[in-house]
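Here is a short report on one protein model. Have the sequence and the 3D view open as you read.

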Amino acid sequence: MLSVLLGQKEGYTFYYSLCDGTDVSGGGLKEGELVCDENCTQKELMLRTLINKCMNDGIVRVFTRDVWGQDLARFGFEREGDVFVSDAEKLRLPHDCKHG
């Protein structure tokens, strides 16, 4: 069973622990960057959780690196050199639902 729980970790604005059975990993916002543990088994879920938190908390601008295995443009990020950045009003949580 999956669970994603908000916690605290030194150096992070916010931090989540993701439990996938016996595997535990984490991710959060650290110095303006969305990060996750390399061993995270559900990176898209973690990314969506972090973006949702940013959107709800009014985080003005975030950046991340290409570590998620996702097309970051779908989430509102634009490449700037080695990183991907997004302002709050551009962040989004895309869905892949197909209607009729």
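## A leucine on helix α1

Leu-45 sits in helix α1. This is a predicted model. How buried or exposed is Leu-45? Its relative accessible area is 30%, so Leu-45 counts as partly exposed. The cut-offs explain the label: buried means under 20%, exposed means over 50%, and partly exposed lies in between.

Now look for the partners of Leu-45. Leaving out residues up to four places away in sequence, Leu-45 touches Leu-2, Val-4 and Leu-18. Take Leu-2 as an example. Leu-2 and Leu-45 are 43 residues apart in sequence. In space, their C-alpha atoms are 9.8 Å apart.

## The hairpin of β1 and β2

Strand β1 covers residues 2–7. β1 pairs with β2 in the antiparallel sense, over six bridges. One residue pair to find is Leu-6 and Tyr-16: Tyr-16, in β2, is the bridge partner of Leu-6.

The two strands form a hairpin, with six residues between them. Gly-11 lies in the turn. Its phi is positive, at about 90°.

## Aromatic pairs

How many aromatic pairs does a search of the whole structure find? The search finds two. In one of them, Tyr-12 and Tyr-15 meet edge-to-face. Their ring centres are 5.0 Å apart, with 70° between the planes. Tyr-12 and Tyr-15 are both buried.

Phe-14 and Tyr-16 also form an edge-to-face pair. Here the centres are 6.2 Å apart and the angle between the planes is 75°. Both of these residues are buried. Phe-14 has a charged partner too. Lys-53 lies over the face of the Phe-14 ring, at 5.9 Å from its centre.

## The largest nonpolar core

The largest nonpolar core holds 20 residues. Which residues have the most contacts inside it? They are Leu-34, Met-46, Val-62, Trp-68 and Phe-77. Three elements give two or more residues to this core: β2 (14–20), β4 (33–36) and α1 (43–57). The largest share comes from α1, with five residues.

Leu-34 is a good residue to click on. Set aside its neighbours within four places in sequence. Leu-34 then contacts residues that include Leu-47, Leu-50, Ile-51 and Cys-54. Its contacts also include Val-62, Trp-68 and Phe-77. Gly-28 and Leu-29 are among them as well.

## A buried threonine

Thr-64 lies in strand β5, which spans residues 61–64. Is Thr-64 buried or exposed? Its relative accessible area is 0%, so Thr-64 is buried. That value falls under the 20% cut-off for a buried residue.

The side chain of Thr-64 makes a polar contact of 2.7 Å with the side chain of Trp-68. Beyond its neighbours within four places in sequence, Thr-64 is in contact with Glu-33, Leu-34, Leu-72, Phe-77, Val-83 and Phe-84. Two of these names have come up before: Leu-34 and Phe-77 are among the residues with the most contacts inside the largest core.

## An exposed glutamate

Glu-31 lies in the loop between β3 (23–30) and β4. Is Glu-31 buried or exposed? Its relative accessibility is 70%, so Glu-31 counts as exposed. The cut-off for exposed is over 50%.

The backbone of Glu-31 deserves a look too. Its phi is near 55°, a positive value in a residue other than glycine.

Definitions and conventions
Residues are numbered from 1 along each chain as its sequence is written. This is a predicted model: local features need pLDDT of at least 70, side-chain atom pairs count only at pLDDT 80 or more; totals for chains, interfaces and linings use all residues. Side-chain values use heavy atoms; hydrogens and water are left out. Helices (H or I, at least four residues) and strands (E, at least two) are DSSP runs, numbered from the N terminus. Buried means under 20% relative accessible area, exposed over 50%, partly exposed in between (1.4 Å probe, protein chains only). A polar contact is a pair of N or O atoms within 3.5 Å; within protein, one must be able to donate a hydrogen and the other to accept it, and residues adjacent in sequence count only if both atoms are side-chain atoms. Contact means heavy atoms within 4.5 Å. A nonpolar core is a set of buried Ala, Val, Leu, Ile, Met, Phe, Trp, Tyr and Cys residues joined through side-chain atoms within 4.5 Å. Rings of Phe, Tyr and Trp (its six-membered ring) pair if their centres lie within 6.5 Å; planes under 30 degrees apart count as stacked, over 60 as edge-to-face and the rest as tilted. A charge sits over a ring if NZ of Lys or CZ of Arg is within 6 Å of the ring centre and within 35 degrees of the ring normal. Two strands pair if DSSP finds at least two bridges between them.
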